[in-house]
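Let's take a walk through this protein, one piece at a time. Keep the 3D view open while you read.

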Amino acid sequence: MKFFVDTAIAEDISELNDYGLLNGVTTNPSLIAKSGRDFKEVVAEICEIVNGPVSAEVAALDYEGMMKEGRILADIADNVVVKLPLTLNGLKACRQMRSRGIQTNVTLCFSANQALLAAKAGASYISPFLGRLDDINLDSMALIRDIRAIYDNYGFDTEILAASIRSGNHVKEAALAGADVATIPPAIIRGLASHVLTNKGIDQFVSDWEATGQTII
């Protein structure tokens with residue numbers, strides 16, 4: 001499974017990228033607004049940090065507005081992926097951008113039928129929102145499995161990008177269900193490396209080694 005980090009904070013992106021854990025980044029206007037910085041400047045900075053895809057979302061809801069904003073975003077860097085809402089206008093823009101060689105991430109997916117439409121429109125990525133489905137007591141992993149089965153049935157190359165990740169368990173379950181990518185908040189990515197038994201084992205190793213009085217260097 002590929003890991004994208006879901007943030008617009010350059011320091012977090014640089015840190016995780018240095019660990020070798022990142023394949024890409026997802027942003028949205030809300031995340032960038034929290035930084036208090038210019039939207040396009042933030043996207044350009046992130047694209048310089050990582051080599052992988054960087055999703056940057058349009059603000060427009062009409063087709064013409066999406067196309068205009070999408071072209072501007074795509075011109076920022078070669079690794080920009082234009083993020084579009086899963087609406088009819090968004091799907092129309094997705095098809096046009098695909099024909100022009102622009103990668104797209106169709107976001108706010110909550111049903112298998114929506115994911116099917118996005119794949120037919122040529123989306124590079126489809127983003128089902130797991131946490132928000134769980135919030136209304138729907139089985140988010142069943143959605144991932146359904147999308148996986150549909151895409152495999154017809155050979156669609158759209159990648160399933162599990163979004164709205166709330167926990168490490170979400171990451172594990174999405175991987176088991178067949179998601180190609182998970183976009184994860186920085187704190188959750190860091191937390192994946194932690195386990196109480198790992199910490200206990202390290203403490204024991206340190207104690208035993210110190211008792212020997214030896215050094216490796």
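Leu-108 sits in strand S5. This is a predicted model, and in it the phi of Leu-108 is positive, near 65°, even though the residue isn't a glycine. Is Leu-108 buried or exposed? Neither, quite: with a relative accessible area of 32%, Leu-108 is partly exposed, because that label covers values between 20% and 50%.

Another non-glycine residue with a positive phi is Ser-164, near 55°. You'll find Ser-164 in the loop between S7 and H9. Ser-164 counts as buried, at 15% relative accessibility. Here are the two next to each other:

| Residue | Place | Phi | Relative accessibility |
|---|---|---|---|
| Leu-108 | strand S5 | near 65° | 32% |
| Ser-164 | loop between S7 and H9 | near 55° | 15% |

Back in strand S5, have a look at Asn-105. Its relative accessibility is 0%, so Asn-105 counts as buried. What does Asn-105 touch, leaving aside neighbours within four places in sequence? Its contacts include Thr-26, Ser-55, Val-82, Lys-83, Tyr-125 and Leu-161.

Two of those contacts, Tyr-125 and Leu-161, lead us to the strands around S7. Strand S6 (residues 125–128) runs parallel to S7, joined by two bridges, and Tyr-125 stands opposite Glu-159 in S7. S7 also pairs in the parallel sense with strand S8 (residues 181–184), again over two bridges. There, Leu-161 has Val-181 in S8 as its bridge partner. To get from S7 to S8, the chain passes through helix H9 (residues 168–177), making a right-handed β-α-β crossover.

S7 itself (residues 159–162) is covered on both faces. Glu-159 and Leu-161 are buried on one side, and Ile-160 and Ala-162 are buried on the other.

Now for a helix. H5 (residues 88–99) has 12 residues and reaches 17 Å from its first C-alpha to its last, close to the expected 16 Å. Its buried residues are Gly-90, Leu-91, Ala-93, Cys-94 and Met-97. Why do they end up on the same side of H5? They cover an arc of only 160° around the axis. Turned away from that buried side is a face carrying the exposed residues Leu-88 and Ser-99.

What covers the buried residues of H5? The cover includes helices H4 (63–74) and H6 (112–120), along with strands S4 (80–85) and S5 (104–109). After H5 comes Gly-101, with a positive phi near 80°.

How values were computed:
Residues are numbered from 1 along each chain as its sequence is written. This is a predicted model: local features need pLDDT of at least 70, side-chain atom pairs count only at pLDDT 80 or more; totals for chains, interfaces and linings use all residues. Side-chain values use heavy atoms; hydrogens and water are left out. Buried means under 20% relative accessible area, exposed over 50%, partly exposed in between (1.4 Å probe, protein chains only). Helices (H or I, at least four residues) and strands (E, at least two) are DSSP runs, numbered from the N terminus. Two strands pair if DSSP finds at least two bridges between them. A crossover is right-handed if, with the strands pointing away from the viewer, the path from the first strand over the helix to the second runs clockwise. The expected span of a helix is 1.5 Å times one less than its number of residues. The arc is that of the directions from the helix axis to the C-beta atoms. Contact means heavy atoms within 4.5 Å.
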